[in-house]
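Open the structure in your viewer and keep the selection tool handy. We will go from stop to stop, with a word on what to look for at each.

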Amino acid sequence: MHVLSVSSLKGGVGKTTISLGLASAAYARGLRTLVVDLDTQCDASTGLGAIGDYETTVLDVIKNPQHSVVHKAILASTWNRTQPSKIDVMVGEPLAAAFDTPNPSLRDLWTLEEALSRVQNEYDMVIIDTPPSLNGLTRAAWAASDRVLIVSEPGIFAVSSVKRAISAVDEVHDRLNHRLALAGVVLNRLNSNFVEHEFRQTELRDIVGDALLPFAFPERAAIQQAQGAARPIHSWPGEAAAEISSKFDNLLSHIQESLLTTPAKRTRGRNHKAQQTEKVKQGWFRRSKKTDEVQD
Ligand SMILES: Nc1ncnc2c1ncn2[C@@H]1O[C@H](COP(=O)(O)OP(=O)(O)OP(=O)(O)O)[C@@H](O)[C@H]1O
Ligand SMILES: [Mg+2]
């Protein structure tokens, strides 16, 4: 099982859209796929057909990552009707916002990793849709991940936050989770007829170099229509949906290739966790927060 976080420090740039598109590609490819909805807006849950009040959610998992709780928080997506492979969702919960603090406890940082290790034989790919911040929930997602995909729009504010996000991934790799690496930066809502977008794309390439992936996603109504109907983009009719689906296939292939060097088995033991925890105890979180402020 491999775990991918889809993140950005800026809101509304397309994290949930890219998470759902990749989930659709993974599902179409026959991978046993789990989407973890860590965003308190619960949009990924909605897009996967998990709409309503659920007794057990990701909030319960964060509080108590026991086997039975983890399984109760995972539902079969309604997408499952469209083909025989498996796609599930760990349902989101608005009250999980209480855990999205700038200084998470050590326990809060590791509970998602612990929870996912309980289902590691049940899935091939886990995609975590994270909130638009670098607080506790995103840190917990990264502590549990093999790769982070950063999403950006071709606008000045989104582009300037990408650099900070990449530094934060490096920092989490160095100090917390050595398995973690950047999967790349993907541009969403690109309109190549728009000069400002071309300018921002070039600017982003200058800033992040090869990390900018050659798969930019254009603005398409089909994306919103499929999301509104809680259907995978791969099953949505029309040329635009087919074009977008094939881009998601390519993006997934790229991510899978980058994961070939990372063992699918999660080997983090208690000792390793204790070592990493010791580093966090030394005040890293406070320091990293200050660093972020300086960079602002
Ligand atoms: N390429 C696209 N074409 C058309 N609509 C898009 C595209 N990307 C995103 N959208 C729409 O833009 C809105 C914001 O996208 P999305 O919810 O994926 O962003 P987000 O980064 O997850 O936001 P948040 O930070 O609030 O979680 C949604 O209504 C989504 O349907
Ligand atoms: Mg979202």
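One yardstick before we set off: a residue counts as buried if 20 or more other C-beta atoms lie within 10 Å of its own. Keep in mind, too, that this is a predicted model.

**Stop 1: a cysteine in a loop.** Select cysteine 42, in the loop that runs between strand S2 (33-37) and helix H2 (43-47). Is cysteine 42 buried or exposed? It has 23 C-beta neighbours inside 10 Å, so cysteine 42 counts as buried. Now check its backbone: phi is positive, about 60°, although cysteine 42 is not a glycine. Most residues other than glycine have a negative phi.

**Stop 2: an arginine in a strand.** Next, pick arginine 189, which sits in strand S7. Here again phi is positive at about 60°, and the residue is not a glycine. Arginine 189 has 22 C-beta neighbours inside 10 Å and therefore counts as buried.

**Stop 3: the sheet.** From S7, widen the selection to the strands. There are 8 of them in an open sheet with mixed pairing, and the order to trace is S3-S4-S2-S5-S1-S6-S7-S8. Which strands lie at the edges? They are strand S3 (74-76) and strand S8 (217-218), each of which pairs on one side only.

Zoom in on strand S1 (residues 2-7) and strand S6 (residues 147-152): the two pair in the parallel sense, over 4 bridges. A handy landmark here is valine 6, with leucine 149 of S6 standing opposite.

**Stop 4: helices on the sheet.** Add helix H8 (residues 195-208), which packs on the sheet and touches S6 and S7. The direction of H8 makes about 170° with that of S7. Then show helix H7 (residues 156-175), lying across S1, S6 and strand S7 (181-190). H7 runs at about 170° to S6.

**Stop 5: a pair of crossing helices.** Finally, select helix H1 (residues 15-28) together with helix H10 (residues 239-258). Their axes come within 9 Å and cross at roughly 80°, so H1 and H10 are roughly perpendicular to each other. To see the contact, display Gly21, Leu22, Ser24, Ala25 and Ala26 on the H1 side. They meet Ile244, Ser245, Phe248, Asp249, Leu251 and Leu252 in H10. Colour this contact of H1 with H10 by residue type and you will find 7 nonpolar, 3 polar and 1 charged.

Notes:
Residues numbered from 1 in each chain as written. Chains lettered and ligands numbered in written order. Predicted model: local features only at pLDDT ≥ 70, side-chain atom pairs only at ≥ 80, totals over all residues. Pairing = 2+ DSSP bridges. Contact = placed C-beta atoms within 7 Å. Axes fitted to C-alpha atoms, helices over the stretch in contact; angles between N-to-C directions. Parallel < 35°, antiparallel > 145°, perpendicular 65-115°, else oblique. Nonpolar A, V, L, I, M, F, W, Y, C, P; charged D, E, K, R; others polar. Buried ≥ 20, exposed ≤ 12 C-beta atoms within 10 Å, placed from the backbone.
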